Amino acid sequence: MRTDTGRIIHLADYRPTDFVLERVDLTFELDPEATKVEARLIFHRRDGVDPAAPLVLDGDELTLSGLLFDQMEMAPERYTATPDALVVRDLPETSPFELTITTIINPQANSQLMGLYRSSGIYCTQCEAEGFRRITYFPDRPDVLAPYTITIIADKAANPLLLSNGNYLGGGNFDEGRHFAAWFDPHPKPAYLFALVAGDLGVVEDKFTTMSGREVALKIYVEHGKESRAAYAMDALKRSMKWDEEVFGREYDLDIFMIVAVSDFNMGAMENKGLNVFNDKYVLADPETATDADYANIEAIIAHEYFHNWTGNRITCRDWFQLCLKEGLTVFRDHEFSADQRSRPVKRIAEVRHLRSEQFPEDAGPLAHPVRPDKYREINNFYTTTVYEKGSEVTRMIATILGRDRFKKGMDLYFERHDGEAATVEDFVRCFEDASGRDLGQFSLWYNQAGTPHVTVTADYDAAAKTLTLEIGQTVPPTPGQAHKKPMHIPLDLALVLEDGTIAVPASVDGAEMTGSVLHLKEARHTVTFTGIPSRPALSLNRSFSAPIVVRYDQKPADLALIARHETDLFSRWQAITDLALPALKDAALAARKGEAIQIDVTFADALLAVAADPALEPAFRAQALALPSEADIARELGGDNDPDAIHAGREAVLTAIARAGADAFRTLCDTMTAEGAYSPDAASAGRRALRNAALLYRTIAEDTPALAAEAFAKADNMTDLAQALTVLAHRFPEAPETHAALSAFEARFAENALVIDKWFQIQATIPGEGALARVMRLKENRHFNENNPNRVRSLVGAFVFSNPTGFNRADGAGYRFLAEEILRIDAKNPQLAARLLTSMRSWRQLEPGRAELARAALVRVEREVLSNDVRDIVDRTLKG
């Protein structure tokens, strides 16, 4: 584990390598504790480079076993080898040369799960971002691209399966008890996309015929006995391949596409060329063990990793600062895929909920950074919601500004111009400028400025002149290292909703450019006048969340109710309901903080219940409307000095008032949103279950008895309903006999299914209140908990620190001290996992002073220890940012 302080890498310091890598031949002789890796690398010196410049290769905890130059042993005075680097001197000025580097590594002891590791009897690699240097000395950076030939040699009985990137060349017996397989990837790729998997797995096979008529073999490898649970993943893969051809014109380019599901994995999945490696939770599903959310996640993540074949693999990043160029762009593509497969407005609401709950706090805290950072200490810590989710929103804004046709022309040009290259954000944006003729220079500030823009709006309607005048201002709050920001190009989609529910079409618009319904904000202040408006309209702002901004507009409740009833943009209808609810939630939290009686004004409940009962609206949308803003949403709206217990108490009071006001409506929904036939994960069926389960929660709150949820648990015939009923029981009545019985029954039924036991851990870890910490500590001793498996740790410790505001943010600071000790313990084995858990402290300054000081003390406790680069980077920025 690297424990040095870590040097700062700056975007401005980028320069190409001195040597060009032409070819990579790798031979692995697999052994659990002593795998031999032979890397034959052909280089030539780049034109214009100093002839005395040495070749510097990256390493991480490596020991050099052998080094040949053009197949001859290299003299010791010509090189220096350390665990972190191999420096080779006295190299040819012009002609190519070959280095053969031999290392011996220990996959069994690799608890970091980076590089080549062995877990549960399976050899597996994870090389993004800088894991390949844990396998062999190499120019481990994304702009070094080469074709790879791979030979894998291993014990035949233990490892009948030998997989790597590209097309299969052949294999057979090697020597007594061992066999080999060879693979060739003709598409030049960086080392982070290298993959190797070996072991004994079952396989699900299918095929796909591309739009040009080529047949591609599809294979999904899973643990033996779990093959039937990979059927949905295979279906999602085939739909993804077809969609990418139809929408983006992208065809798959190898003879085979493989997915391997493994149980020990730091990430969700990895897009290695032709051989995707997945956390098994995003592959395995059946009605008994997977929820509707699991099915949706599998569909989206299968698509995401497949779409990387073009946006990430065929065109990769010049350097890690350009990470959003593959991740943000590909998230946009998988969002569009899911929207087409399911419900576009419901998908959009879910995306925005996630963005606001995860990315907005990141933007507002010490870990804030631009979509394209200009410096980093540890690149693993920049796989963030800013890069992924906000990066997707930036791509979406380009599509909004240009329109569908010109956006597609820009994407087509990007694929044509940069195929086989390592590109930059500037390359990407220039394609859209060239395809559309539009200057996107100011828009590109979205890549370079951190923080969430705040847009303030005031409105004045002149009835005599039939004009509406808007005063619009924008600011971007200061963030670490960026005190002053320039005005952004913000595409603000808006509608003027008249009293009869129609949308006014202005005769003219002055003061800012407007294309269709999108107002282009480019100045710090705009005065915008709409003429020909027959009556005072309600303003529907940022429709479909056209820009990732915070809008401040003093909207009248009657106007919000009008929008909630009549807006044609369903996202805006949902947003209006949310905006109606927030004042009541904030007032309730403030009253609880002061120890005052909580008086609930639920006039907004009429609009909420009207939407919930409207049969013209799809059930999934109605379920989203019933899911009130979360405690994190309320904390963000309050802006600081937050007491999580008061926020929880206030929200509970509002939920109770709504539950009682809508008792009849919720009873009707429970009765009518019943299953139609056998379980199906399709969007319509999932929507009906979501609405029925939302109604079940409200009915349980109103009646204040575990009986309804216990009955639902007993009758459930699928994991969605079973897990929701158990959640309602555990979170509303944690000490009830019905809850203990249900938890025990669930554990006994699914004891041999680790992914379902993860749900059991998560449900209990998120039970609110002071008792949560003691419960988590007891569960850590449970026989099902495995501290070496990232999924188990995330399901228990991660769920507690990220998703249990009252349990984690105890007034005595015990939750923070618990996390500090967990971070120090996990960091010694898996720095990436530890660093990600520590980001749960990113908003500590928003807490009330007592809790904030206790949180700071816990961070200081971590800071004082010997740490990995990953954790050192996070704790330093969290404390000092």
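# Why each term applies

Trainee: Both Tyr 376 and Phe 382 are buried; what makes a residue count as buried?

Mentor: A residue is buried under 20% relative accessible area and exposed over 50%, with partly exposed in between (1.4 Å probe, protein chains only). This is a predicted model, in which local features need pLDDT of at least 70 and side-chain atom pairs count only at pLDDT 80 or more, whereas totals for chains, interfaces and linings use all residues. Residues are numbered from 1 along each chain as its sequence is written, and side-chain values use heavy atoms, with hydrogens and water left out.

Trainee: How many aromatic pairs are there by the rule, and why is the one of Trp 310 with Phe 415 called edge-to-face?

Mentor: The count comes to 38 aromatic pairs, where rings of Phe, Tyr and Trp (its six-membered ring) pair if their centres lie within 6.5 Å, and planes under 30 degrees apart are stacked, over 60 edge-to-face and the rest tilted. For Trp 310 and Phe 415 the centres are 5.8 Å apart and the planes stand at 75°, so the pair is edge-to-face. Trp 310 lies in the loop between α2 and β22 (316-317) and Phe 415 in helix α6 (residues 404-418), so this pair ties together parts 105 residues apart in sequence. Both Trp 310 and Phe 415 are buried.

Trainee: And what makes the pair of Tyr 376 and Phe 382 tilted?

Mentor: Their centres are 6.3 Å apart and their planes at 55°, so the pair is tilted. A separate aromatic cluster is formed by Trp 243, Phe 248, Tyr 252, Phe 257, Tyr 306, Phe 307 and Phe 337.

Trainee: How do you know that Glu 299 forms a salt bridge with Arg 342?

Mentor: The term asks for a side-chain nitrogen of Lys or Arg within 4 Å of a carboxyl oxygen of Asp or Glu, and the closest N and O atoms of Glu 299 and Arg 342 are 2.8 Å apart. Glu 299 belongs to helix α2 (residues 292-307) and Arg 342 to the loop between α3 (323-341) and α4 (344-363), so the pair ties together parts 43 residues apart in sequence. Glu 299, at 3% relative accessibility, counts as buried, whereas Arg 342, at 25%, counts as partly exposed. A search of the whole structure finds 73 salt bridges.

Trainee: Which residue does Glu 787 meet in a salt bridge?

Mentor: Glu 787 pairs with Arg 825, and the closest N and O atoms are 2.8 Å apart. This pair links distant parts of the chain, with Glu 787 in the loop between α21 and α22 (790-803) and Arg 825 in helix α24 (residues 814-827), 38 residues apart. Glu 787 is partly exposed at 35% relative accessibility, and Arg 825 is partly exposed at 26%.

Trainee: What other acidic side chain meets Arg 825, and is that partner buried or exposed?

Mentor: Arg 825 also meets Glu 822 in a salt bridge at 2.7 Å, N to O. Both lie in helix α24, 3 residues apart, about one turn of the helix. Glu 822 is buried, with a relative accessible area of 5%. Elsewhere, salt bridges that share partners join Glu 336, Asp 340, Arg 344, Arg 348, Glu 351, Glu 393 and Arg 396 into one network.

Trainee: Why are α20 and α21 called roughly antiparallel?

Mentor: The helices here are DSSP runs (H or I, at least four residues; strands are E, at least two), numbered from the N terminus. Axes are lines fitted to C-alpha atoms, for helices over the stretch in contact, with angles from 0 to 180 degrees between N-to-C directions. Angles under 35 degrees are roughly parallel, over 145 roughly antiparallel, 65 to 115 roughly perpendicular and the rest oblique. The axes of α20 (residues 754-765) and α21 (residues 772-780) come within 9 Å and cross at roughly 155°, and the two helices are therefore roughly antiparallel. In contact (heavy atoms within 4.5 Å) are Trp 760, Phe 761, Gln 764 and Ala 765 of α20 with Arg 775, Val 776 and Leu 779 of α21.

Trainee: What makes α21 roughly parallel to α24?

Mentor: Their axes come within 10 Å and cross at roughly 25°, and that makes α21 roughly parallel to α24. Leu 773, Val 776, Met 777 and Lys 780 of α21 meet Ala 814, Gly 815, Phe 818, Glu 822 and Arg 825 of α24.
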